[in-house]
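Grab your viewer and work through these exercises with me. Each one sets a task and then walks through a solution.

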Amino acid sequence: MPDRAFKDRILAEVARRPSPTRRQALRRSAVLVALAAVLSLAVFWIRGGIRATGRPDLLMIGTAVGAFCLAAVALVLGARRGRSMGGRPPTVLIGLLLATPGALLLWKVLWSSGFAGMTERWPDRAGYRCFWLSLSMMLGPLLALVFTRRRTAVNHPGLTGAALGAGIGAGVWVFVDLWCPVAYTPHLLIGHVLPLVLAMGLGSVLGCWVLGISSPCWARVSTK
Amino acid sequence: MVDGAKLIAGGNSPAPDEGPSGGDKAMQRYSDGDDGAFSEVYDDVAPRLLNWLGRHTKGDGALAQDVVQSTLLCMHDARGRFIRGARVLPWAYTIARRVLIDALRKRHGEVCLSSSWIDEGVEPEAEGLADAADAARRMANAFGTLPARTQEAFSLMRAEGLSLKETAEVLGTTVTAVKLRVHRASKALHAAMNAVVGARGA
């Protein structure tokens, strides 16, 4: 049993260091994430917001609803830790990272292929505008979410950060999809999938430095 | 000291997944703003961590205390982000494990959370101190040949009494993976015990 002096020392240090309660932490997080979301939406509206650009209503509604459902799953799995302070198991996180880009791309292409001419190439739309729009919308929310979760991912900070990136990226996909009329696969790969993958990469790097409780997450345990 | 035979037989059986413990409830209250509750969290967590760390630091009391202190301060810093309904003990072990790995890496350049908890100092139950010491050595050798992750999983479940789910949480893996590792460790130790019994019978 540890001695009383040790306990007193720890309790004294704890009393000296301020630490927000759950309510205070929730309030701060909500404000930060809300500000980031508002900034992100502002970028979206400044660039033109929702644009039909000749797309049938059913096409737009179908891709939006499908993407929204996939994004909701990605956000819940990526952004929420479940019931355990250890976070989601690595198998769930890896599954999320592998499945999210493919699922979103597949839905977009499959649904659009049901409408004549909607998967044709647009010669002047290589995907770079969508790429920059996606990145600029993702950055704020990703930084906000990672910051609010600092020092909480003890076991897999890099993987957890990447999962946050996947969730945010999937959410931004829904908006960019409403803005962009092109469903040509090479365009989607450059303008929609690539930013999502970059968000995962950035999330992973941020996770290693911010989400872990100490040093870089590439520490290895040797077997003897 | 840890009795290897008891551990194989499940003498320190893992705790079933029951409702929240006193420490869990204390951490919930602490997270909600009851500053006095941290003393109860300490009482629930610190003795068990020190016991576990004593085995993994080869009796380095100062290091064990440093790790426990860092762990508890991490928990205090993160109190606002404690999930309602989460278990505090696996969280504490997870943090302590990570802090220990980092501390050992800084000291030694590499890290091995190894099998120091089964050693030749085990209290003899079999007749003859020499037989008991031999049995302990064989089991320690058998255990030492297992991968570090297998040793850790077995140690957390059998010596620390954590459940499958809690052990999986501490190690950051799945329940299935923990089951496999514990099964492998049990099998290796059973084989070592059978070898000891066989040698005596011959």
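**Exercise 1. Find the distance between the side chains of B:Arg87 and B:Asp24 in this predicted model, and work out where the two residues sit.**

Step 1. Pull up the two side chains: they meet in a salt bridge, with N to O at 3.7 Å. The cut-off for a salt bridge is 4 Å, so the pair passes.

Step 2. Now place the partners. B:Arg87 is in the loop between α4 (61-77) and α5 (88-108) of chain B, while B:Asp24 belongs to helix α2 of chain B. The two are 63 residues apart in sequence, so the salt bridge ties together separate parts of the chain.

Step 3. Check the cover on each. B:Arg87 has 22% relative accessibility and counts as partly exposed. B:Asp24 is at 3%, which makes it buried.

**Exercise 2. Take the salt bridge between B:Arg105 and B:Asp102 and say how the residues are placed relative to each other.**

Step 1. The N to O distance here is 2.6 Å.

Step 2. Both residues sit in helix α5 of chain B, 3 residues apart, so about one helical turn separates them.

Step 3. Accessibility splits the pair: B:Arg105 is partly exposed at 27%, whereas B:Asp102 is buried at 5%.

**Exercise 3. Describe chain B as a whole: which secondary structure elements does it have, and how much of it is buried?**

Step 1. Count elements: chain B has 9 helices and 0 strands. Reading along the sequence, you get α-α-α-α-α-α-α-α-α.

Step 2. Look at burial. Chain B has 202 residues, and 53% of them count as buried.

Step 3. Turn to the contacts within chain B that have a separation of 6 or more: 71% of them come from residues 24 or more positions apart.

Step 4. Finish with the surface. Chain B exposes about 8,600 Å², and 51% of that is supplied by carbon and sulfur atoms.

**Exercise 4. Characterise the interface of chain A and chain B: how many residues take part, and how much area is buried?**

Step 1. Start with the residue count: chain A brings 43 residues to the contact and chain B brings 52.

Step 2. Next comes area. The size of an interface is often given as the accessible area lost when the parts come together. For chain A and chain B that is about 4,200 Å², with 57% of it on carbon and sulfur atoms.

Step 3. Tally the polar side of things. There are 3 salt bridges across the interface, and 19 residue pairs are in polar contact, both residues being at pLDDT 80 or more. On the side of chain A that touches chain B, the elements giving two or more residues are α1 (4-16), α2 (22-46) and α4 (90-113) of chain A. The one that gives the most is α1(A), with 7 residues. By type, this side of chain A divides into 16 nonpolar, 14 polar and 13 charged residues.

**Exercise 5. Which residue pairs with A:Arg22 across the chains, and is each partner buried or partly exposed?**

Step 1. The partner is B:Asp32, and the closest N and O atoms are 2.5 Å apart. This pair crosses between chains, going from helix α2 of chain A to helix α2 (residues 22-32) of chain B.

Step 2. A:Arg22 is buried, at 10% relative accessible area. B:Asp32 counts as partly exposed, at 43%.

Step 3. Compare another pair: B:Asp77 and A:Arg17 also meet in a salt bridge, with N to O at 2.5 Å. Through shared partners, salt bridges join A:Glu13, A:Arg16, A:Arg17 and B:Asp77 into one network.

**Exercise 6. What does A:Ser84 touch, leaving out residues up to four places away in sequence?**

Step 1. Locate A:Ser84: it is in the loop between α3 (57-79) and α4 of chain A.

Step 2. With that exclusion, A:Ser84 touches B:Ile83 and B:Glu169. Its side chain makes a polar contact with the side chain of B:Glu169, at 3.1 Å.

Step 3. Buried means under 20% relative accessible area. A:Ser84 comes in at 16%, so it counts as buried.

Definitions and conventions: Residues numbered from 1 in each chain as written. Chains lettered and ligands numbered in written order. Predicted model: local features only at pLDDT ≥ 70, side-chain atom pairs only at ≥ 80, totals over all residues. Heavy atoms only, no water. Contact = heavy atoms within 4.5 Å. Buried area = accessible area lost by both parts, 1.4 Å probe. Polar contact = N/O pair within 3.5 Å; in protein donor to acceptor, adjacent residues only side chain to side chain. Helix = DSSP H or I, 4+ residues; strand = E, 2+ residues; numbered from the N terminus. Nonpolar A, V, L, I, M, F, W, Y, C, P; charged D, E, K, R; others polar. Buried < 20%, exposed > 50% of the residue type's maximum accessible area, 1.4 Å probe, protein only. Areas by Shrake-Rupley, 256 points an atom, 1.4 Å probe, with all protein chains shown as cover.
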